Amino acid sequence: MPMHQTLFEGAIPALVTPFRAEDAGLDLPALVALAQRAWRRGAAAVVVGGSTGEGPALRPEEHAQAVRAVADAGVPVIAGVGAPCTEAAALLAQAAERCGAAALLCSAPPYVKPGQDGLRAHVRAVAAASGLPVVLYDVPSRAGVAFADETIARLHEANLVHALKDATGDLSRVPRLRALCGAGLPQLSGDDATALAHLAMGGSGCVSVSANLVPALCAALQGAWRAGDLARAGALRDRLAPLDAALFVESNPIPVKAALGLLRLCDPVPRLPLTRAGQPTLAHLARILGEVMAAEEAEARVS
């Protein structure tokens with residue numbers, strides 16, 4: 001199996017980007033600690049600089065610093081290269097390769113809403129900018145435009161994309177794309193709440209917000225499915241469901257950063273235009289974390 005394919009299965013945390021409380025600069029020690037914690041607890045890789053990582057709020061040099069810090073710590077990095085124009089995305093891809101990334105996460109440029117020809121040209125340019133495998137990220141709720149199934153198939157046939165992160169919520173898409181692309185295109189869920197259902201439809205893993213907090217539980221769910229232990233997978237899904245829902249009561253990554261702050265794993269403040277979580281969100285998260293973190297620590301001890 002090619003090395004890059006092993007990155008595209010199991011639990012893959014979409015890491016937040018911690019900022020320092022005193023000056024809002026990058027908190028690289030906190031970022032590395034989150035990445036290493038996830039890696040030790042079963043993550044297959046981590047995404048750095050994606051939407052959960054506030055990629056659009058990072059300056060190019062900050063993006064490179066974040067990728068390098070995590071890669072130098074020995075954790076495989078899938079670098080987000082979302083940008084409003086193709087040139088900027090290609091430059092992020094080149095920098096990510098220089099900084100030690102193992103793969104790229106390439107989404108449609110937000111706001112501009114290109115057609116399918118433009119989307120193909122965008123991905124082609126990003127793929128050509130580096131020698132890294134590309135995970136296509138289809139997230140129409142953020143980008144304002146979706147990749148058609150046929151576009152994904154053409155990109156895969158041309159060896160321009162090597163996996164898909166699907167945040168459309170369309171579970172029926174997994175077998176449709178398998179029919180078009182075969183089993184050689186790993187399909188990752190971009191939605192924690194339906195991660196197990198996505199596996200049941202033929203998916204290979206989940207790029208997870210919840211795994212910032214509970215990487216051992218998320219990895220255990222993926223492992224239980226692969227082992228054929230459906231009862232355990234279902235029990236883990238039910239254990240995670242309240243957290244999965246709570247992390248989206250406000251715009252991502254506001255709640256997950258708030259939860260990490262409650263756990264003292266990083267400062268909770270995002271960059272503007274995102275703001276701190278409200279008190280109702282904090283109270284709700286505190287109640288849920290009291291239960292789920294005990295299960296996380298127990299799972300981490302045995303895994």
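Author: A residue counts as buried when its relative accessible area is under 20%, as exposed when that area is over 50%, and as partly exposed in between. The model discussed here is a predicted one, and Thr17 is a convenient residue with which to begin.

Reader: Why is Thr17 called buried or exposed, as the case may be?

Author: Thr17 has a relative accessibility of 2%, and because the limit for a buried residue is under 20%, Thr17 counts as buried. Thr17 is found in the loop between strand 1 (10-13) and helix 1 (28-40), where, neighbours within four places in sequence aside, Thr17 is in contact with Leu26, Thr52, Gly53, Glu54, Leu58 and Lys257.

Reader: What makes the approach of the Thr17 side chain to the backbone oxygen of Gly53 a polar one?

Author: A polar atom of the Thr17 side chain lies 2.6 Å from the backbone oxygen of Gly53, and the cut-off for a polar contact between N or O atoms is 3.5 Å, so the distance of 2.6 Å falls within the limit.

Reader: How do you know what confidence the predictor places in the chain?

Author: The mean pLDDT of the chain is 96, and 98% of its residues reach 70 or more. Over residues 1-5, however, the pLDDT is below 50, and this stretch has three contacts in the model beyond near neighbours in sequence.

Reader: Why is the pair Arg20 and Asp23 called a salt bridge?

Author: The closest N and O atoms of Arg20 and Asp23 are 2.9 Å apart, and because a salt bridge requires a side-chain nitrogen of Lys or Arg within 4 Å of a carboxyl oxygen of Asp or Glu, the pair qualifies. Arg20, with a relative accessible area of 32%, and Asp23, at 46%, both fall between the limits of 20% and 50%, and therefore each is partly exposed.

Reader: Which label, buried or partly exposed, belongs to Arg59, and which to Glu62?

Author: Arg59 has a relative accessible area of 45% and is partly exposed, whereas Glu62, at 3%, counts as buried. These two residues form a salt bridge in which the closest N and O atoms are 3.1 Å apart. A further salt bridge brings together the side chains of Asp238 and Arg237, at 3.0 Å from N to O; Asp238 is partly exposed at 47%, and Arg237 is partly exposed at 38%. Elsewhere, salt bridges that share partners join Asp138, Asp149, Asp166, Asp170, Arg173 and Arg176 into one network.

Reader: How many salt bridges does the structure hold?

Author: The structure holds 16 of them.

Reader: How do you know whether the span of helix 2 agrees or disagrees with the expected one?

Author: Helix 2 has 13 residues (residues 60-72), and at 1.5 Å a residue these should span 18 Å; because the end C-alpha atoms are 18 Å apart, the two values agree. Buried in helix 2 are Glu62, His63, Ala64, Ala66, Val67, Ala69, Val70 and Ala71, and the cover over these buried residues includes helix 1, strand 2 (46-48), strand 3 (77-80) and helix 3 (86-98). Just after helix 2, Gly74 takes a positive phi of about 90 degrees.

Reader: Which residues touch the most other members of the largest nonpolar core?

Author: Leu104 and Val214 do so, in a core of 82 residues. Leaving aside neighbours within four places in sequence, the contacts of Leu104 include Ile78, Ala79, Val81, Ala93, Val126 and Leu132. Another core, of 17 residues, lies apart from the largest one, and among its members are Ile12, Ala14, Val135 and Tyr137.

Reader: Why is Pro186 called buried or exposed, as the case may be?

Author: The relative accessible area of Pro186 is 13%, and therefore Pro186 is buried, the limit being under 20%. Pro186 has its place in the loop between helix 7 (173-181) and strand 7 (187-189), and, residues up to four places away in sequence not counted, Pro186 touches Phe8, His162, Ala163, Leu164 and Ser204.

Reader: What makes Ala11 a buried or an exposed residue?

Author: Ala11 is found in strand 1, and its relative accessibility of 5% means that Ala11 counts as buried. Not counting residues up to four places away in sequence, Ala11 touches Ala43, Ala44, Ala45, Cys206, Cys218, Ala219 and Gln222. The C-alpha atoms of Ala11 and Ala195 are separated by 9.6 Å, although the two residues are 184 residues apart along the chain.

Note on methods:
Residues are numbered from 1 along each chain as its sequence is written. This is a predicted model: local features need pLDDT of at least 70, side-chain atom pairs count only at pLDDT 80 or more; totals for chains, interfaces and linings use all residues. Side-chain values use heavy atoms; hydrogens and water are left out. pLDDT is the predictor's confidence in each residue, from 0 to 100. Contact means heavy atoms within 4.5 Å. Buried means under 20% relative accessible area, exposed over 50%, partly exposed in between (1.4 Å probe, protein chains only). A nonpolar core is a set of buried Ala, Val, Leu, Ile, Met, Phe, Trp, Tyr and Cys residues joined through side-chain atoms within 4.5 Å. Helices (H or I, at least four residues) and strands (E, at least two) are DSSP runs, numbered from the N terminus. A polar contact is a pair of N or O atoms within 3.5 Å; within protein, one must be able to donate a hydrogen and the other to accept it, and residues adjacent in sequence count only if both atoms are side-chain atoms. The expected span of a helix is 1.5 Å times one less than its number of residues.
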